[in-house]
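Please open the structure in your viewer and keep the selection panel at hand. The tour below moves from one selection to the next and says what is to be found at each stop.

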Amino acid sequence: MKDKRRYRLASQIHHLLCELFLRKIKDPKLCGITVTSVELTENLKEARVFYRIREELCPPGYVATPGQIERHLSRAKGYIRSSLAADLNIRFMPRIEFVYDRSLFAVDPPFPSKEITEAEADMLPPEPKNETE
């Protein structure tokens with residue numbers, strides 16, 4: 001029973017984090033974050049959130065390293081945790097730890113696809129207008 005609850009809660013947190021990064025967080029320093037998985041401890045007090053960076057979702061010219069993103073995520077951790085707590089109906093909100101997911105590098109092709117889905121296209125900033133036109 002406990003494993004079912006842990007799996008369900010991890011799934012809810014994963015879904016809410018994806019929605020949060022896709023629609024609510026407008027900080028350009030946190031662009032391109034894709035949550036790959038969420039793991040909860042047995043006592044449901046800590047959550048490890050694994051993420052990847054998709055550079056094609058960032059503004060042109062912006063290159064973020066995992067270290068930079070990790071620092072920005074640690075600064076935004078309070079906002080992220082309180083946003084999750086507002087949507088989840090649980091007594092205690094787990095402490096969140098963000099971990100850069102390196103496991104997918106063995107699976108991904110060396111040159112990622114540049115195709116962007118409609119949902120991802122909505123996240124992109126508007127194209128700058130040329131002043132000469």
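The expected span of a helix is 1.5 Å times one less than its number of residues. With that in mind, select helix α1, which has 23 residues and reaches 31 Å from its first C-alpha to its last, close to the 33 Å expected at 1.5 Å a residue. Please remember throughout that what you are viewing is a predicted model.

**The whole chain**

Zoom out and colour the chain by secondary structure, which comes to three helices and three strands. If you follow the chain from the N terminus, the elements come in the order α-β-β-α-β-α. Switching to a surface view shows an accessible surface of about 9,400 Å², of which carbon and sulfur atoms hold 52%. Among the 133 residues of the chain, 32% count as buried. When contacts with a separation of 6 or more are considered, residues 24 or more positions apart account for 63% of them.

**Helix α1 and the core**

Return to α1 and show its side chains: the buried residues of this helix are L9, A10, I13, L16, L17, L20 and F21. Which residues touch the most other members of the largest nonpolar core? Within that core of 29 residues, they are L17, F21, L73, I80 and L84. At least two residues of this core come from each of α1, β1, β2, α2 and β3, and α1 gives the most, with seven residues. In soluble globular proteins, nonpolar side chains tend to be buried together.

Now centre the view on L17 and, leaving aside its neighbours within four places in sequence, look for the residues in contact with it, which are V35, V38, V49, I80 and L84.

**The hairpin of β1 and β2**

Select β1 and β2 next; these two strands pair in the antiparallel sense, and seven bridges are found between them. Two pairs are worth displaying here: I33 has I53 in β2 as its bridge partner, while V38 stands opposite V49 in β2. Five residues lie between the strands of this hairpin, and L44 lies in that loop between β1 and β2. L44 has a positive phi of about 65° although it is not a glycine. Is L44 buried or exposed? L44 counts as buried because its relative accessibility is 8%, and the cut-off for buried is under 20%.

**Strand β2 and its other partner**

Keep β2 selected and add β3, which runs parallel to β2 and is joined to it by six bridges. One pair to pick out is A47 with its bridge partner I96 in β3. Strand β2 is mostly covered, as six of its eight residues are buried.

Within β2, click on Y51, which counts as buried because its relative accessible area is 0%. Leaving aside neighbours within four places in sequence, the contacts of Y51 include I33, T34, V35 and T36, and also P66, I69, E70, L73, F98, V99, Y100 and D101. For a distance to display, take Y51 and G32, which are 19 residues apart in sequence and lie 9.9 Å from each other, C-alpha to C-alpha.

**Helix α2 and its bend**

Finally, select helix α2, residues 66-87, and draw a line between the C-alpha atoms at its two ends. How far apart are the end C-alpha atoms of α2? They are only 28 Å apart, although the helix has 22 residues and a straight helix would reach 32 Å at 1.5 Å a residue. Turn the helix until you can see A76, where α2 bends by about 55°.

A76 is also among the buried residues of α2, together with I69, H72, L73, I80, S83 and L84. To see what covers these buried residues, bring back the other elements, including α1 (2-24), β1 (33-40), β2 (46-53) and β3 (95-100).

For the last stop, choose R71, which is found in this helix α2. R71 is partly exposed because its relative accessible area is 47%, a value that falls between the limits of 20% for buried and 50% for exposed. From R71 you can draw one more distance, to K29, which is 42 residues away in sequence and 9.9 Å away in space, C-alpha to C-alpha.

Key: Residues are numbered from 1 along each chain as its sequence is written. This is a predicted model: local features need pLDDT of at least 70, side-chain atom pairs count only at pLDDT 80 or more; totals for chains, interfaces and linings use all residues. Side-chain values use heavy atoms; hydrogens and water are left out. Helices (H or I, at least four residues) and strands (E, at least two) are DSSP runs, numbered from the N terminus. The bend at a residue is the angle between axes fitted to the seven residues ending there and the seven starting there. Buried means under 20% relative accessible area, exposed over 50%, partly exposed in between (1.4 Å probe, protein chains only). Contact means heavy atoms within 4.5 Å. Accessible areas come from the Shrake-Rupley method with a 1.4 Å probe; for residues, only the protein chains shown count as cover. A nonpolar core is a set of buried Ala, Val, Leu, Ile, Met, Phe, Trp, Tyr and Cys residues joined through side-chain atoms within 4.5 Å. Two strands pair if DSSP finds at least two bridges between them.
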